[in-house]
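User: Give me a close look at a single part of this model, the place where helices pack. Then tie that part to the rest of the chain where it helps.

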Amino acid sequence: MAIPSRASRPGTFFITTATYNRRRLFQFPANAELFLETLQHYRRLGHYKVHAFVIMPDHVHLILTPQAITLERAIGLIKGGFSHRLASKFPVWQRSFTDHRIRDEDDLEIRRTYLHNNPVRAGLAATPELYPYSSACAPPKLDLSG
């Protein structure tokens, strides 16, 4: 029996994707805000629901649920849309991304807590709520239900 590709698995996913060579692209507020605008743009178009996010200097964590598109397509829109808007002459992203399918409410809360505490562990903020590029800080519109 063949293992189904992740493209055929519906659900909610915890995603990690890194910048090319772990370049600290998002240490610049304009870049972090551009990424957030891109994320929200495709969310408003209905391509996915966003449950949580954090934009770290060299990587991004997301919890999202694709809507009528594959997970690969959703991440492709986000990464490609950001790269296009950034218009960099250099590569922006590492290839691919890692994903973990959220199993239940407990798993969702564990991943959300991990994601929100990432800036604290990295020494970027004293509490998750003080880090400006996270859904823990006065979150923009999020999709709280699955």
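Analyst: First, a bit of vocabulary: a helix here is a DSSP run of H or I with at least four residues, a strand is a run of E with at least two, and both are numbered from the N terminus. In those terms the chain reads β-α-β-β-α-β-α along its sequence, with three helices and four strands in total. Keep in mind that this is a predicted model.

The part to zoom in on is the pair made by helix 1, residues 29-44, and helix 2, residues 71-86. Their axes are 9 Å apart and meet at about 130°. Helix 1 is therefore oblique to helix 2, because an angle has to be over 145 degrees to count as roughly antiparallel and from 65 to 115 to count as roughly perpendicular. The handedness of this crossing is right-handed.

Who does the touching? On the helix 1 side, the contact uses Asn31, Leu34, Phe35, Glu37, Thr38, Leu39, His41 and Tyr42. Helix 2 answers with Leu77, Ile78, Gly81, Phe82, Arg85 and Leu86. Sorted by class, that contact has eight nonpolar, four polar and two charged residues.

Two of the helix 1 residues in that contact, Phe35 and Leu39, turn up again in the largest nonpolar core, which has 37 residues. Phe35 and Leu39 are listed with Phe26, Ile55 and Leu62 as the residues with the most contacts inside this core. As background, nonpolar side chains in soluble globular proteins tend to be buried together. The core isn't just a helix affair, either: strand 1 (13-18), strand 2 (48-55), strand 3 (59-66) and helix 3 (105-121) each give two or more residues, as do helix 1 and helix 2.

Leu39 is a handy residue to click on. Leaving out residues up to four places away in sequence, Leu39 touches Tyr48, Val50, Phe53, Leu62 and Ile78. Ile78 is one of the helix 2 residues in the helix contact, while Tyr48, Val50 and Phe53 fall in the range of strand 2 and Leu62 in that of strand 3. That makes Leu39 a good spot for seeing the helix pair and the strands in one view.

Zooming out, 46% of the 146 residues in the chain count as buried. Among contacts between residues at least 6 apart in sequence, 69% join residues at least 24 apart. Some specific pairs put faces on that figure. Asp99, in strand 4, has its C-alpha 5.5 Å from that of Phe14, with their positions 85 residues apart in sequence; Asp99 itself is partly exposed at 22% relative accessible area. Asp104 sits in the loop between strand 4 and helix 3 and is partly exposed at 43%. Its C-alpha lies 9.5 Å from that of Thr12, 92 residues away in sequence.

The segment after helix 3 also folds into the picture. Ser135 belongs to that segment and is buried, at 4% relative accessible area. Ser135 and Ala52 are 83 residues apart in sequence, yet their C-alpha atoms are 5.5 Å apart. Pro128 lies in the segment too and is buried at 15%. Past its neighbours within four places in sequence, Pro128 contacts His116, Asn117, Val120, Ala136 and Cys137. From Pro128 to Asn118, ten residues apart along the chain, the C-alpha separation is 7.9 Å.

One last thing to check if you care about backbone torsions: the loops on either side of helix 2. Most residues other than glycine have a negative phi. Ala68, in the loop between strand 3 and helix 2, has a positive phi, near 65°, and is exposed at 88% relative accessibility. Ser96, in the loop between helix 2 and strand 4, also has a positive phi near 65°, but is partly exposed, at 43%.

Conventions. Residues are numbered from 1 along each chain as its sequence is written. This is a predicted model: local features need pLDDT of at least 70, side-chain atom pairs count only at pLDDT 80 or more; totals for chains, interfaces and linings use all residues. Side-chain values use heavy atoms; hydrogens and water are left out. Axes are lines fitted to C-alpha atoms, for helices over the stretch in contact, and angles run from 0 to 180 degrees between N-to-C directions. Angles under 35 degrees count as roughly parallel, over 145 as roughly antiparallel, 65 to 115 as roughly perpendicular and the rest as oblique. A crossing is left-handed if the near helix is turned anticlockwise from the far one by less than a right angle, and right-handed if clockwise. Contact means heavy atoms within 4.5 Å. Ala, Val, Leu, Ile, Met, Phe, Trp, Tyr, Cys and Pro count as nonpolar, Asp, Glu, Lys and Arg as charged, and the others, Gly among them, as polar. A nonpolar core is a set of buried Ala, Val, Leu, Ile, Met, Phe, Trp, Tyr and Cys residues joined through side-chain atoms within 4.5 Å. Buried means under 20% relative accessible area, exposed over 50%, partly exposed in between (1.4 Å probe, protein chains only).
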